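Open the model in your viewer and keep the sequence panel beside it. The tour goes from one selection to the next and says what to look for at each stop.

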Amino acid sequence: MNFTHSPNETVLDRYTINRGIGIGGFGEVYFALSQAGKEVALKRIQRNLDVELRGVSHCLNLKHPNLVSLHDICRDKDDQAWVVMEYVAGKNLREVLDEADPSGRICRATVQGGKSLPSGLTMDEVRRWFCGMAAGTAHLHSAGLVHRDLKPGNLFDDNGIIKVGDYGLSKFISSSHRSGHTESVGTLHYMAPEIGRGQYGREIDIYAMGIILFELLTGALPFDGETPQEIVVKHLTDTPDLSTIPKELRPAIAACLQKNPKDRPSDIASMMKLTPWANDVGQPMTWSSNPHGSLAQNPPTVTAQPIPQPASVEAPVHVTQPAAHTPSPHVVLSHPTTEEPIARAIRMSFGDLSRWWQNLERSPGSKFVMVLATVVILLINTHWLLPMLSLIGFFYIPYYVIRHIVLQIAEPDTYAHTHPGHDRRGAHFVHGGSPGHPQNGMNQGGATPVTRRRSVPAQLSKAQVRQMLRQSLAQRTKLSLAAEWTTSGMISLVVAGTLLLISSVIGLRNSEVSPLTIAPYVWMACVVWLGSFGLLGLGKAWESSEGDGFTRRLMAAFLGAGIGVVAYMLADVLMVPLDQGLSRDIDATSLPTTFYQASGIPKAAAMMAHFAALFALLRMWKPVDPLRRARLSLWAVSVAVVGEWVIHQMIPVPQPAGMLIAGGIVVMTQMSAPWVKADSVTSLNAS
Ligand SMILES: Nc1ncnc2c1ncn2[C@@H]1O[C@H](COP(=O)(O)OP(=O)(O)OP(=O)(O)O)[C@@H](O)[C@H]1O
């Protein structure tokens, strides 16, 4: 390994490098001594990685026996970022697993006594690693952090205490600047399926813990393959074979490895309850989410435990068919209801606010003044705040209730209902194994797993990533798509209200406000909202495939025609004149009488034709695609406005309303439709 710095070199003016330890995706790690002789590990972040130092301070203040302490993050004189952390002398789990001989001939576990598992570890060792990881990760979660990169290489044995390292950083290193071997988030073998959709909840750590527990027990990975794509597809579709897992631990692994994050244990405490280790005698852990709870004081100790033995050789067991005597069948039956996105955003904002408040270094007196000032400002503004909050409540509460009801209906009774295809896939996976993937067939006869962790070549191409993301999008049920559609519709309603407010304030700044003057703005906002809502629906239906362009244009044309006729009728109801701005900028041809009255005012047919052409020619469903390039593309807005102007030259409609509607629809759909940053996962690699 080629390290940038050599032994005895002084870095950051106060650390003398002793030796290089290793090189990971984020950079080089050195063992160094401070001037006072304190041992530290220094991680030199790769020059091309952009470290956002502000947020990291939250990680620096975390203290837990099962976490590798982060001492500091500094920049040297060349503006190179360094992470200063606790040095752990012991091995990491990757090394331990790689050294343990699966045949059991020379493995550490046998030397230490105790019956070894296929991984070469004893159940006591498995328990020690797993409980230590769980305790450290629970502390991260309680502090509002998700590790995002849990894997054996990030778990250390520090004189008997298991420590979780490398936490927090992946969030603060700009993914757009990463290159080389580390993927945007997490390592492929341990990466939860929803990461492809840009979801990074704490469930991704719970998923990774399920994989690690599987590996601790069997020495093999539940989802492995020759290529990154194969591994990702297995994460998305395959059911793990749990037949070689001790029965006591199958429910926990099955629950952690659910494809849908909602189906996994919602936190580490609930996950631990599925293991035999939650209520260990002589193990004073409570698995509470309290950041200052007893976890901190009581790291797991290696005590004599009743050792659950591996399952005897038996027919392969599929997770959808819980084994006889398997406890906790509720693992697959109880699903926490999805938290409503706006409620979640508000809750998380309150969480952030309270953490910011707790970390705010101000005297109690100045904090009191700040609270007082906030209360006064709120009281002064009650005249507009209260009506606004009531209005929001007026829309939000019915929406929340309807959404809740829809999701309750969508809640599956059994796991099998949620994943109707699993039986078929499971049969193939479990019974046959796949040629070239020996671990898939290892359960037969209880043979030792042949495949261990593999190095996986090459990066995924953009097309491959998009294809995988589409596959993952295709996994949702129709009802959850409907719930997402209504959510986007609600968001677009808020956006429409905002656009209406802005445009009418600008448009009516010098004129009298009356129902007649405000009607055109209400009309435009309604048409924009209807257009967006329709497109959001089409987008939802189409997001799981790239689709056939002609069919999509045709469908979009129908939608546009519908919007045109509704716009015409609404204009009639709201008494909005349609004779405004009908002149054209290029040589005009005569208007067809089927489309226009003798005075030139458009009939319903003209409005239908205009919007049908607009939606079809401009492929208006594109701004709704979750895999679009940018969340909000101003280019797309400009194209829509110019495109509308061009269509207006042939089929005129009132202006500038037509252009505002076209631009408004594109802005609103982009702001309301979910977006997956596909580029952030194009450099997936195995570590
Ligand atoms: N605090 C530490 N004390 C001792 N050794 C460490 C410490 N942190 C990391 N290491 C070791 O340094 C080496 C490189 O670690 P690093 O975390 O950079 O890479 P990685 O975990 O292999 O990959 P990635 O950064 O992509 O997750 C590993 O061998 C790891 O065990």
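Start by selecting Lys43. In this predicted model, Lys43 counts as buried because 23 other C-beta atoms lie within 10 Å, and the cut-off for that class is 20 or more. Lys43 sits in strand E4. UniProt, in an unreviewed entry, puts a "binding site" feature at Lys43. Now show its contacts. Leaving out residues up to four places away in sequence, Lys43 touches Phe26, Gly27, Val29, Trp82, Val83 and Met85.

Next, display the ligand and the residues around it. Which of the 21 residues around the ligand come nearest? They are Gly22, Gly24, Gly25, Val29 and Ala41. Val29 has already appeared among the contacts of Lys43. Colour the shell by class: eight residues are nonpolar, nine are polar and four are charged. Three strands each supply at least two residues of this shell, namely E2 (15–23), E4 (39–45) and E6 (81–86).

Widen the selection to the sheet that holds these strands. Six strands form an open sheet in the order E1-E2-E3-E4-E6-E5, with antiparallel pairing. At its edges are E1 (10–11) and E5 (70–75), each of which pairs on one side only. As you turn the sheet, keep one rule in mind: in a regular strand, side chains alternate between the two faces of the sheet.

Select E6 alone. Five of the six residues of E6 are buried, so this strand is largely enclosed by the rest of the structure. Then add its partners one at a time:

- E4 and E6 run antiparallel and are joined by five bridges. Val40 stands opposite Glu86 of E6.
- E5 also pairs with E6 in the antiparallel sense, over five bridges. Asp72 has Val84 of E6 as its bridge partner, and Arg75 has Ala81 of E6.

Follow the chain from E5 into E6. These two strands form a hairpin with five residues between them, and in the turn Asp79 has a positive phi of about 65 degrees.

For another hairpin, go to E7 (residues 155–158) and E8 (residues 161–164). The two strands pair in the antiparallel sense over four bridges. Asp158 has Ile161 of E8 as its bridge partner. Here two residues lie between the strands, and Asn159 takes a positive phi near 50 degrees.

Now select Arg202. This residue is in the loop between helix H5 (169–172) and helix H6 (203–218). Is Arg202 buried or exposed? Arg202 is buried, because 22 other C-beta atoms lie within 10 Å and 20 or more are enough. Apart from residues up to four places away in sequence, Arg202 touches His141, Val146 and Asp267. Add Thr137 and draw a C-alpha to C-alpha distance: Arg202 and Thr137 are 65 residues apart in sequence and 9.4 Å apart in space.

Move on to helix H7 (residues 228–237) and look down its axis. The buried residues here are Pro228, Ile231, Val232, Lys234 and His235. They fall within an arc of 155 degrees seen from that direction, so they line one face of the helix. The general pattern is that an α-helix has 3.6 residues a turn, so residues three or four places apart point the same way.

The next stop is a set of spans taken from the UniProt record. Under "transmembrane region", the unreviewed entry lists residues 368–397, 485–506, 518–542, 554–575, 595–618, 630–651 and 657–676. Select two of them in turn. Residues 485–506 are 100% helix and 0% strand, with end C-alpha atoms 31 Å apart. Over residues 595–618 the chain is 58% helix and 0% strand, and the end C-alpha atoms lie 22 Å apart.

Finish by selecting the whole protein chain. How many helices and strands are there in the protein chain? There are 22 helices and eight strands. Of the 687 residues in the protein chain, 42% are buried. Among contacts in the protein chain between residues at least 6 apart in sequence, 70% join residues at least 24 apart.

Note on methods:
Residues are numbered from 1 along each chain as its sequence is written. This is a predicted model: local features need pLDDT of at least 70, side-chain atom pairs count only at pLDDT 80 or more; totals for chains, interfaces and linings use all residues. Two strands pair if DSSP finds at least two bridges between them. A residue is near a molecule or strand if its C-beta atom, placed from the backbone, lies within 6 Å of it. Ala, Val, Leu, Ile, Met, Phe, Trp, Tyr, Cys and Pro count as nonpolar, Asp, Glu, Lys and Arg as charged, and the others, Gly among them, as polar. UniProt positions are given in the numbering used here, feature names are shortened, and annotations may be inferred rather than shown by experiment. A residue is buried if 20 or more other C-beta atoms lie within 10 Å of its own, exposed if 12 or fewer, and partly exposed in between; C-beta atoms are placed from the backbone. Two residues are in contact if their C-beta atoms, placed from the backbone, lie within 7 Å. The arc is that of the directions from the helix axis to the C-beta atoms.
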